[in-house]
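Student: Hey, can we go through this structure together? I'd like to start with the strands.
Tutor: Sure, ask away.

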Amino acid sequence: MNAINHTEARALSAAALEAADLGQNLLLVPLSQLILRPSGRNVRKTTPHTSVAELAASIERVGLLQNLIVMPAGDSYEVVAGKRRLLALRLLAQKRRIAKDWEVPCLPVADGTARTASLTENVQREAMHPADQCEAFAALVAEGRSIEDIAADFGITPLVVQRRLRLANVSPRLLADYRAGQATLDQLMALAIVDDHAAQETAYYDAPPYNRSPFALRERLTEREIDAYQHPMARFVGQPAYEAAGGSVRRDLFAEGDTGVYFSDAALLERLARDKLEDMAAPVRGEGWVWVEVLPAITHADLQNFQRAPMERRSPTPRETVHIRKLQARMRTLAEAVDAALEAGDKDKALALQQKVDLLGEQLQALEDGLLAYNDAIKAIAGAIVTIDREGKAVVHRGLLREAGAKALRASRDTADGGKGQKAGQHQVSRMPDRLAQRLSVHRTAALQIELARHPQAALAAVVHGMVQTVLQNTVYSRDMPLNLKLTVKPGLQDLAPDWPESPAAMALRELQQAASQTLPQDSAELFAALLAKSQDELVRLLAICTASTVDVVMPHAVSRYTEQPGVALAQAVGLEMAAWWQPTTEGYFNHVSKATILQEAGEFAPEHVNRLAKLKKDELAGQAQRLAQQAGWMPAVFRTDAAREDTQEAATDAAADAQGSSLDDAAGEAEPAEALTA
């Protein structure tokens, strides 16, 4: 249906005036004699119930300021305009605030023009501009009216009045632009978070039009304050403790729920957080670590500067041994029942039994986790950090190795293993499927990318190296410096390794990229001007972050015996340690190699358990191998930066062969010793 324009509305209004008897006085009709008919002459069909309650409160305070329009209907009068007013009066009568026969001023019209009169009243109205409404509220307060009194007059909450007053305090220049349609109400609500007109105008007019969203304006005005709802440190300390210590708070009246609270004193907040963490760090220091630090804020990338020390498994107590054996026996019985149910075609029974197996497995895993601990030798070179996680909760990161500690650990392992090794960059990858080789090389690519982003000097050298080879030496590609100097970000990593986006290396690089891009303008000319203004050190850091995404050391396939790794020189330059960025897991590694390969590799990281592992099914074996490998700090050969020793490989092969033979002679029903379990 076409909308009614102002010319048509004026014509309807004139017709209604002719139909109404303006010569007679308004009628005072008892409320009980006013009726509404669903199929009557009133053109308004929908009335929000919330607005009825507000209008009723207003009528009770200041009276009915506008009459109703009615037409005779027998002994009663049908309301053709003023339905919401009638509902509000009925609500007051229901609450016994007015009498049921309270006299309502009404203007009668003829039946033939009743619908025209109803339409005219609804069409010919013009809502008050929100800016005028806000200034009117401010004028009432200036006259001495209280916020609570004004709220009662209009049937609204004091918070609504406070919001209107806050909008009325926005810069007159901004209010004028709002009236002219050049600024939006949402923008004014964001700017109203501060009372300073100069700050409001600077935040709005100094920003380019594309960057004037309410979120951007609010962020600009509160950039030196801390969001109490989102910031981990603020959530950890808590608003009551912060305010009790004298901290100032800014509240956004337009925010909903717990949002919109900002802490102004960042130094006080950090001190309170550090004091609270220090209390929690006291028992951690008593554990014997060589160093313990309290850091209220630490990023994922910061944690990756540390290597993780391996944990050792202690022998279970006699009581724990009994409990473990009982759980093992029960799990074997249930596993056999699951197989029997599947063979019988009873999938529901098999599913129910498997759920019991999983529950027992969780209990067993909890027991095994309790047997893991760091020995005194590790504590003598490693440390712990007490910090706050993203949810605002205290967390302790134990077993962290700084560079000196990591070197000491590697030296102790080298001393224990002897000095034999292979050529750097060549590692045994026997029995590895091509698909797995690609997947692992994706994670090596991700790790090398983040390390290069964190080493600007190496990134600059790598870029210049590629330019020299291309321009001066006519060399197109180097396996030692595998960069794409066309600045094409290496694509397709997720296709080769579905777990790549959530890997520690990928997430750490995204954090660096996001932090670097936040302060850079999008416009090309503005970006160039901003880069020219930066120092050489800042430009080199940006170069490193951008260059990192071009790194490509993905291998298309595995080689049966040895494969030369691309990017060896670059990896050595940035000190790449894959153990800091990747761990061998069931889904990420062991499910993708054969049982024989797992047993051969188990000869490297858990030779004393190879015979027991050989008895397990592939799924169980993969899970056990994950725990043993991570406990020992083992990495696949393709990830090792130190030499892969031939004597270790030979010992592993012999252990696996012995395991394959002895597993055939072991009694299937004999309970396994608890000492053979891993965590």
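Student: Which strand do the bridges join β7 to?
Tutor: This is a predicted model, to start with. In it, 3 bridges join β7 to β8, which covers residues 261–263, and the two run antiparallel.

Student: And what stands opposite R251?
Tutor: That's V261, in β8.

Student: What's the strand order in the open sheet?
Tutor: It goes β6-β8-β7, so 3 strands with antiparallel pairing. The edges are β6 (226–227) and β7 (249–251), each pairing on one side only.

Student: How do strands hold on to each other in general?
Tutor: Strands of a sheet pair through backbone hydrogen bonds.

Student: New topic: which residues touch the most other members of the largest nonpolar core?
Tutor: Those are L448, L576, W581, Y589, F590 and F605, out of 51 residues in that core. Several helices supply at least two residues each, including α21 (456–472), α23 (504–517) and α29 (618–632). The largest share, 8 residues, comes from α20.

Student: How many residues are in the other core?
Tutor: 29, and that core lies apart from the largest one. Among its members are I226, L268, L269 and I388.

Student: Okay, now loops. Where does R96 lie?
Tutor: R96 is in the loop between α3 (83–94) and β5 (103–108). It has a positive phi of about 60 degrees, though it isn't a glycine. Most residues other than glycine have a negative phi.

Student: Is R96 buried or exposed?
Tutor: Exposed, because its relative accessibility is 78% and the cut-off for exposed is over 50%.

Note on methods:
Residues numbered from 1 in each chain as written. Predicted model: local features only at pLDDT ≥ 70, side-chain atom pairs only at ≥ 80, totals over all residues. Heavy atoms only, no water. Pairing = 2+ DSSP bridges. Helix = DSSP H or I, 4+ residues; strand = E, 2+ residues; numbered from the N terminus. Core = buried A, V, L, I, M, F, W, Y, C linked by side-chain atoms within 4.5 Å. Buried < 20%, exposed > 50% of the residue type's maximum accessible area, 1.4 Å probe, protein only.
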